[in-house]
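User: I am new to this structure and would like a close look at its salt bridges. Please go through them in one connected account.

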Amino acid sequence: MDEIYLKALKLLAARDHTAAELAAKLRARFHADPASAIDALKRQGAINDRRFAENFIARRTTMSAARLREELTRRGVDVEIVEAAIGQTAENRPSLKDVLTATMMDRNIQAPFSSRDAARLARALARLGYPEDEIREELERFHEQ
């Protein structure tokens with residue numbers, strides 16, 4: 001068996017990878033083109049970018065769609081696959097209000113909150129990829145209630 005192929009199998013046994021991620025790791029390790037190993041693994045179903053995207057999205061329920069797009073394209077998933085995977089889960093994704101409520105519960109923060117707590121919540125939501133203006137509006141709504 002090809003050494004590159006065996007290393008690819010070992011990497012895939014640890015966790016799922018996109019084709020681009022796996023190719024980059026193999027290229028860095030062997031300083032050779034891993035295209036034949038990647039193609040063989042795709043044919044066998046060991047590498048599937050659509051499956052990777054769907055699983056990635058399913059594990060990150062609080063992350064915004066924009067952040068999901070950014071992360072998946074950075075990992076080398078084709079834009080069409082990313083959009084299809086995000087579109088499938090769009091109606092099941094929590095709203096910013098739901099994510100804010102969950103974050104408040106996790107951090108034991110109750111409205112009305114101090115400016116320090118508001119800043120903590122804003123940073124947490126920003127890390128999840130929500131736009132600052134939407135965060136600000138939602139925090140104001142919660143603060144007023």
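Analyst: A residue is called buried when its relative accessible area is under 20%, exposed when it is over 50%, and partly exposed in between. The model is predicted. D117 has a relative accessible area of 17%, so D117 is buried. Its salt-bridge partner is R120, with 3.4 Å between the closest N and O atoms. R120 has a relative accessible area of 24% and therefore counts as partly exposed. Both D117 and R120 belong to helix 8, where 3 residues, about one turn of the helix, separate them along the chain. Salt bridges with shared partners also link R15, E21 and R75 into one network. In total, the structure has 9 salt bridges.

Helix 5, which covers residues 65-74, contains both E71 and R67. These two side chains form a salt bridge, with an N to O distance of 3.4 Å. Their positions are 4 residues apart, about one turn of the helix. E71 also forms a salt bridge with R74, and here the closest N and O atoms are 2.7 Å apart. R74 lies in helix 5 as well, 3 residues from E71, again about one turn of the helix.

The three residues of helix 5 fall into separate classes of accessibility. E71 has 11% relative accessibility, so E71 is buried. R67, at 23%, is partly exposed. R74, at 57%, is exposed. The buried E71 thus has salt bridges to the partly exposed R67 and to the exposed R74.

Helix 8, already met through D117 and R120, spans residues 115-127 and also holds R123. R123 has a relative accessible area of 46%, so R123 is partly exposed. On the surface, R123 joins R107, R116 and R127 in a patch of positive charge. Residues in such a patch have no salt bridge, because that is one of the conditions for belonging to a patch. R123 can therefore be set beside R120: R123 sits in the patch, while R120 is paired with D117.

One further site lies outside this account of charges. A58 is part of helix 4, residues 49-59. A58 has a relative accessible area of 52% and so counts as exposed. A58 and A85 are 27 residues apart along the chain, and their C-alpha atoms are separated by 9.7 Å.

Note on methods:
Residues are numbered from 1 along each chain as its sequence is written. This is a predicted model: local features need pLDDT of at least 70, side-chain atom pairs count only at pLDDT 80 or more; totals for chains, interfaces and linings use all residues. Side-chain values use heavy atoms; hydrogens and water are left out. Patches are made of residues with over 30% relative accessible area and no salt bridge: like charges are joined within 9 Å, nonpolar side chains (Val, Leu, Ile, Met, Phe, Trp, Tyr) within 5 Å. Accessible areas come from the Shrake-Rupley method with a 1.4 Å probe; for residues, only the protein chains shown count as cover. A salt bridge is a side-chain nitrogen of Lys or Arg within 4 Å of a carboxyl oxygen of Asp or Glu. Lys and Arg count as positive and Asp and Glu as negative; His and the chain ends are not counted. The place of a charge is taken as NZ of Lys, CZ of Arg, CG of Asp or CD of Glu. Helices (H or I, at least four residues) and strands (E, at least two) are DSSP runs, numbered from the N terminus. Buried means under 20% relative accessible area, exposed over 50%, partly exposed in between (1.4 Å probe, protein chains only).
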